[in-house]
Amino acid sequence: LNAMQILYINILMDGPPAQSLGVEPPDTDIVNQPPRHIQESILDRRLIKSVLISSFTIVCGTLFIFHREMATDGKVTPRDTTMTFTCFVLFDMFNALSCRSQKKSVFEIGFFSNRVFVVAVSLSLIGQICVIYFPPLQSVFQTEAIFVSDWILLLAISSSVFVISEYRKSKLSVSQLLHPRKFFHRLRETLQRYLHRGPCTEISKSIV
């Protein structure tokens, strides 16, 4: 990545989504949880493990895209940096989505329950599209247009950090993975809870 792309990620892509997490609605189940021990560290083992897994996934996915693109001609081109740049940005967005709650699935808390987060991520993605396809910004950030198939590949890879996080929150054990019925039963229950609440309900709440 060049200097402009790194600055863009640090200032515009990381800032708004991260700040919007600060206005996440409080967890209604917090009163049912036991008080934390006074000597317990804020950075507990669970949180550190989550950070390491997410970081490892993001690094591996981004390096895979860079290696895959550079392997075609053996040199770094604007397309290579554009693909790597976009992959990292999408990883950031999916990671921010999974960070909305440490214990609850996004399907439980609702995709639209945090209106500020939805707006921040939407504007970030619109900005990324402008950087890739708007000619004046292409010259500034040294990017070039990518194809729909490229977007599909990038979304498939970058969403892995979200899928892994959701899996960890579901508390599924290895034995459950070996029994597909249990896995899909748990998945169906989660989706039913979300559909019962309804995305329209979440949208109306966010508007109010």
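Ser158 is buried, with a relative accessible area of 0%; buried here means under 20% relative accessible area, exposed means over 50%, and partly exposed lies in between, using a 1.4 Å probe and protein chains only. The residue belongs to helix α8, which covers residues 148–158. Helices are DSSP runs of H or I with at least four residues, strands are runs of E with at least two, and both are numbered from the N terminus.

Before I go on, please note that this is a predicted model, in which local features need pLDDT of at least 70 and side-chain atom pairs count only at pLDDT 80 or more, while totals for chains, interfaces and linings use all residues. Residues are numbered from 1 along each chain as its sequence is written, and side-chain values use heavy atoms, with hydrogens and water left out.

What does Ser158 touch, leaving aside residues up to four places away in sequence? The answer is Cys87, Leu90, Phe91 and Phe94, where contact means heavy atoms within 4.5 Å. In addition, the side chain of Ser158 reaches the backbone oxygen of Leu155 at 3.5 Å.

Leu90, Phe94 and Leu155 also appear in the lining of the second largest pocket. A pocket, on a 1 Å grid over the protein atoms alone, is an open set of points where a 1.4 Å probe fits, with protein on both sides within 12 Å along at least five of seven lines; lining residues have an atom within 4 Å of a point. This pocket holds about 260 Å³ of space, a volume being the space filled by probe spheres set on the points, which are joined across faces, edges and corners.

Which elements give two or more residues to this lining? They are α4 (78–98) and α6 (115–133), and α6 supplies the largest share, 5 residues. By class, the lining has 11 nonpolar residues, 1 polar residue and no charged ones. Nonpolar covers Ala, Val, Leu, Ile, Met, Phe, Trp, Tyr, Cys and Pro; charged covers Asp, Glu, Lys and Arg; the others, Gly among them, are polar.

Let me turn to the record. An unreviewed UniProt entry lists residues 47–66, 81–99, 111–134 and 146–164 under "transmembrane region"; such annotations may be inferred rather than shown by experiment. In the model, residues 81–99 are 95% helix and 0% strand, with end C-alpha atoms 27 Å apart. Residues 111–134 are 79% helix and 0% strand, and their end C-alpha atoms lie 29 Å apart.

Finally, the whole chain has 12 helices and 0 strands, and buried residues make up 36% of its 208 residues.

Methods
Polar contact = N/O pair within 3.5 Å; in protein donor to acceptor, adjacent residues only side chain to side chain.
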